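Here is a walk through a two-part model, from overall build down to single side chains. Have the viewer open as you read.

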Amino acid sequence: MGHTIIITVISLGLLALFAAVILYFIAQKFKIFEDPRIDEVLAALPAANCGGCGFAGCRNFAEALVKAETFEGLNCPVGGASVMGEAAKILGKVAPVVDPLVAVLKCNGTPESRPRTSVYNGVPDCRISHNLYIGETDCSYGCLGKGDCVRACAFGAMYMNNETELPVIIDDKCVSCGACVKACPRNLIELRKKAKKDRKIYVACSNCDKGGPARRACKVACIACTKCVKVCKFDAITIENNLAYINAFKCTFCRKCIPECPTGSILEINFPPRKPVVETEVEATTVNPDV
Amino acid sequence: MKTFPVGGVHPPENKLTAAIAIQHLPLPASVAIPVSQHIGEPAAVIVNKGDRVKTGQMIAQSKGFVSSNIHSSVSGTVNKIDTVIDTTGFRQTAVFIDTEGDEWIETIDRSDETPVEVILSPEEIVKKCLESGIVGLGGATFPSHVKLTVPAGKRCDTLIINGAECEPYLTSDHRLMLEKGKEILIGTTILMKALKVSKAIIGIENNKTHAIDHLTRLSSEFQGITVYPLKVKYPQGAEKQLIKALINREVPSGRLPLDVNTIVHNVGTAFAVYEAVQKNKPLFERVVTITGKSLLKPGNYFVRTGTPVRSLIDAAGGLPEDTGKVVSGGPMMGKALPNIDVPVVKGTSGIVLIPRSESERMEIQPCIRCAKCVSACALNLEPYLLMTLSEKGEFERAERERITDCMECGSCSYTCPAGRPLLDYIRLGKSTVIKMARKRVSN
């Protein structure tokens, strides 16, 4: 009995040794050099594998960073400047300053401003609703409210507001990975430059119809009246396809366009209440007759 | 008795209006005639606001080969050219006409005679179909002149006339066969002449025995036309299933009936072709079934295109209280309308009012792998798989699984005990795959 065990141990041991030697030589022969910096950079990345950088995952992006001559065009929106700075330090390069972005919804069609004209009781999936018909309202461009973007968000930065029936983006959590932009079948979500204190000014409408039909479908639709274009001193506003667009990189947040908009389709978000400029003037005029 | 061998379902027939004769719907006060009532390029509007038009006058001209002319269905003044939500559920250009009297263009033969002899040559027949805006009236609305032009290198030896009407509720083809049997047979002869074939088969499901008897009796006067009864099974009216059932030829995946030397036309189309060729009447009215379990006076009507669905419902006794959905087409393949001001178009075979109790969807539950959808599919597809692939965005794989073969008959969704929205997702996948394929071709 003992004899058998010894023979087994020795023979298997020899077999293992033999295999190990072969494997060693094979490993030497087919050795692939991998830059050790890839792992270092990977460790610095957020490991979200969200695809926001345009690569398949964080490792893919790390490889691209190591291979790249400069960091031009490469950016991890999730990690932002700190992560890119760290990666640059590891690789001895300079990370260019990239403006952080944030997602905004270019539709403000709440049930009050955009009356429902039909009821959709099919599958709660925006893609299907979009393929099927113009939607529950008369606006064939606006939000369908079935939450494809919310399901696409891997960072918990979106939720559906049951009152407005529109998705809400939580600025602090949004990493501008662009998953929601791809998920929306109506292309309603745009990544815009993130400003100080999360301030935003943008046209919350995507209706490309002419003024009349757009207004009939939704009270807060952009009717392409060009008033905002005329008032803007910085050439930040353009009109294309009956729709105004504010370039976030040119906009100086002067807020002159907002009172001009007759439908209120331009939104100002996270601004302090306006200084009561108008009211003082009114006071002055009311005071004068008394004098 | 003949039928197709693979798949199929047996939904309750509910042919409530089978015994009700076709009436003429009173002319509506105004019509909205969409410029795209067919597959292919929308027609180009050739009238202006304020123009006087007569019934049958062309108001939009076909653009390109796969397109169709549109004719005014009433006489009156063009009120505006604007957009309207049509039966597809999307907005598109339409010509709005206010009705004033009913003055037809002089070229239309309005006598009661039914001329049997076909004088026109095959080329002239095709031209006439193009001029008269004839499209397939079975529902797909494919321009008929395209189907009558056999491309070089292809050959056609059998014409099939589709009188299956396998959709539940609908009886427009059934009534047409009973009341306009002779005209349909003359239309068939015209189609045979245009395609230069000597054999035509009319396939009718045997829940329409009167129509089968009637057409069989009449067809003895016409050479080369035979009438075949078919076993009732949905979707027998689908082109490929009908060809398989009648002449046992299988159209390969991704190919057309012409690849097995066959052409299929609907009985409604045969009637429209008769009217165009023998009576010079363009296609501006068709038979529409208005039906529903709660409807007071369901019926079959000759309806002018552009008539709002609302007037059709009013003629049938008004919208019942418990209406859940108003469906254009049959309950299996039809589409629920977003509102009832949608105009009737060339492809509208019926309007079905479905009570709320029957229109609600089942709760979506997980797939239980019962494979009922696979058994129901008449095209040998795997609907459960195609749905999952579309849902997860695996469109390349869906393409390999032949998602584009799906004819959207809805048998899978109908049969699913777990209430899964199989067809909804397959349709999504199919449209995405078609877009992908187009992009590939253009690149």
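The report below takes the chains one by one, then their interface, then the aromatic rings.

A word on ground rules: this is a predicted model, where local features need pLDDT of at least 70 and side-chain atom pairs count only at pLDDT 80 or more, while totals for chains, interfaces and linings use all residues. Residues are numbered from 1 along each chain as its sequence is written, chains are lettered from A and ligands numbered from 1 in the order written, and side-chain values use heavy atoms, with hydrogens and water left out.

**The two chains**

Chain A carries 11 helices and eight strands. Helices here are DSSP runs of H or I with at least four residues, strands are runs of E with at least two, and both are numbered from the N terminus. Chain A has a radius of gyration of 29 Å, well over the 19 Å that the globule rule gives for 291 residues, so chain A is more spread out than a compact globule. That radius is taken over C-alpha atoms, and the rule is 2.2 Å times the number of residues to the power 0.38.

Chain B has 14 helices and 17 strands. For its 443 residues a compact globule would come out near 22 Å, and the 21 Å of chain B agrees with that.

The table puts some further values together. Buried means under 20% relative accessible area, exposed over 50%, and partly exposed in between (1.4 Å probe, protein chains only). Accessible areas come from the Shrake-Rupley method with a 1.4 Å probe; for residues, only the protein chains shown count as cover.

| Chain | C-alpha box along principal axes | Buried residues | Exposed area |
|---|---|---|---|
| Chain A | roughly 120 × 50 × 35 Å | 38% of 291 | about 16,900 Å² |
| Chain B | roughly 65 × 50 × 50 Å | 55% of 443 | about 18,500 Å² |

Now for contacts, meaning heavy atoms within 4.5 Å. Take those between residues at least 6 apart in sequence: in chain A, 57% join residues at least 24 apart, and in chain B the figure is 73%.

**Where the chains meet**

On the chain A side, 14 residues are in contact with 22 residues of chain B. The area buried between them is about 1,500 Å², with carbon and sulfur atoms giving 54%; this is the accessible area (1.4 Å probe) that two parts lose on being put together, summed over both. In chain A, the residues that lose the most area to chain B are A:Asn121, A:Arg127 and A:Asn131, together 33% of what that side buries.

**Aromatic rings**

Rings of Phe, Tyr and Trp (its six-membered ring) pair if their centres lie within 6.5 Å; planes under 30 degrees apart count as stacked, over 60 as edge-to-face and the rest as tilted. Over all chains, that gives seven aromatic pairs. In one of them, A:Tyr24 and A:Phe25 have ring centres 5.5 Å apart and planes at 75 degrees, so they sit edge-to-face. A:Phe25 is exposed, at 55% relative accessibility.

B:Trp104 and B:Phe284 are also edge-to-face, because their centres are 5.3 Å apart and their planes at 80 degrees. This pair links distant parts of the chain, 180 residues apart: B:Trp104 lies in the loop between β8 (91-99) and α1 (122-131), and B:Phe284 in the loop between α7 (267-279) and β13 (285-292). Both residues, B:Trp104 and B:Phe284, are buried.

B:Trp104 has a charged partner too: the charged end of B:Arg110 sits over its ring, 3.8 Å from the centre. Such a charge has NZ of Lys or CZ of Arg within 6 Å of the ring centre and within 35 degrees of the ring normal.
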